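The following exercises introduce a protein structure to a reader who meets it here without prior knowledge. Each task is followed by a solution in steps.

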Amino acid sequence: MAEAAARLCPWPGPLSVKLINRSENATCKVEAEDGQCLAMRLYRDGQGMDTAKQRLFARTVALIAMRLSQYGRSDDRFGLIHCDPADECL
């Protein structure tokens, strides 16, 4: 899930995703080829996901990727995304 979410970042080149902490939730370090990095926290890693929800999640990821691509990345914009994937929030 971390790698799929990291691919939404509009950074050029491959991304490195490394697990740096796993307690109640996982925290990953995401680093771009150019040295930019961020910490990503994953909440409820796949909890309650069935095939239908996985398909919906894949469609959601594709839609977010398209919208982020259209939004662009410039000095006046930054990439902070927070999402609670609980059923009642979707």
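The model is predicted; its chain has a mean pLDDT of 78, and 76% of the residues reach 70 or more.

**Exercise 1. Determine which elements the chain contains, in what order they run, and which of them has the highest mean pLDDT.**

Solution.
- Step 1. The chain holds two helices and three strands.
- Step 2. Read from the N terminus, these elements follow the order α-β-β-β-α.
- Step 3. Among the elements, helix H2 (residues 51-71) has the highest mean pLDDT, 87. Helix H1 (residues 2-6) has the lowest, 77.
- Step 4. As a caution for reading any such model, coordinates should not be read in detail where pLDDT is low.

**Exercise 2. Describe helix H2 and what is found at its ends.**

Solution.
- Step 1. H2 comprises 21 residues, and the distance from its first C-alpha to its last is 30 Å. This is close to the 30 Å expected at 1.5 Å a residue.
- Step 2. At the N-terminal end, H2 is capped by Asp50, which places a side-chain oxygen 3.3 Å from the backbone nitrogen of Ala52.
- Step 3. After H2 comes Gly72, with a positive phi near 85°.

**Exercise 3. Identify the residues of the largest nonpolar core and the elements that supply them.**

Solution.
- Step 1. Of the 90 residues in the chain, 16% are buried.
- Step 2. The largest nonpolar core consists of nine residues, namely Ala2, Ala6, Trp11, Ala26, Cys28, Val30, Ala32, Met40 and Leu42.
- Step 3. At least two residues of this core come from each of H1, strand E2 (26-32) and strand E3 (37-42). The greatest contribution is that of E2, with four residues.
- Step 4. A general tendency fits this picture: in soluble globular proteins, nonpolar side chains tend to be buried together.
- Step 5. Leu42 illustrates the packing, since residues up to four places away are not counted and Leu42 still touches Ala2, Asn25, Ala26 and Cys28.

**Exercise 4. Is Cys28 buried or exposed, and which residues does it contact beyond its neighbours in sequence?**

Solution.
- Step 1. Cys28 belongs to strand E2.
- Step 2. Its relative accessible area is 5%, and because buried means under 20%, Cys28 counts as buried.
- Step 3. With neighbours within four places left aside, Cys28 is in contact with Ala2, Val17, Lys18, Leu19, Ile20, Leu38, Ala39, Met40 and Leu42.
- Step 4. One of these partners, Ala2, is 26 residues away from Cys28 in sequence, while their C-alpha atoms are 7.3 Å apart in space.
- Step 5. For the chain as a whole, 29% of the contacts between residues at least 6 apart in sequence join residues at least 24 apart.

**Exercise 5. State which polar contact joins the side chain of Thr27 to another, and which residues form the salt bridge.**

Solution.
- Step 1. Thr27 also lies in strand E2, and Thr27 is buried, at 13% relative accessible area.
- Step 2. The side chains of Thr27 and Arg41 are joined by a polar contact of 3.4 Å. Arg41 is also among the residues that Thr27 contacts, including Lys18, Asn21 and Met40.
- Step 3. The structure has one salt bridge. The side chains of Lys29 and Glu31 form a salt bridge, with 3.7 Å from N to O.
- Step 4. Both partners are partly exposed: Glu31 has a relative accessible area of 31%, and Lys29 has 35%.
- Step 5. In general, side chains of opposite charge can pair when their charged atoms come close.

Notes:
Residues are numbered from 1 along each chain as its sequence is written. This is a predicted model: local features need pLDDT of at least 70, side-chain atom pairs count only at pLDDT 80 or more; totals for chains, interfaces and linings use all residues. Side-chain values use heavy atoms; hydrogens and water are left out. pLDDT is the predictor's confidence in each residue, from 0 to 100. A nonpolar core is a set of buried Ala, Val, Leu, Ile, Met, Phe, Trp, Tyr and Cys residues joined through side-chain atoms within 4.5 Å. Buried means under 20% relative accessible area, exposed over 50%, partly exposed in between (1.4 Å probe, protein chains only). Contact means heavy atoms within 4.5 Å. A salt bridge is a side-chain nitrogen of Lys or Arg within 4 Å of a carboxyl oxygen of Asp or Glu. The expected span of a helix is 1.5 Å times one less than its number of residues. A polar contact is a pair of N or O atoms within 3.5 Å; within protein, one must be able to donate a hydrogen and the other to accept it, and residues adjacent in sequence count only if both atoms are side-chain atoms.
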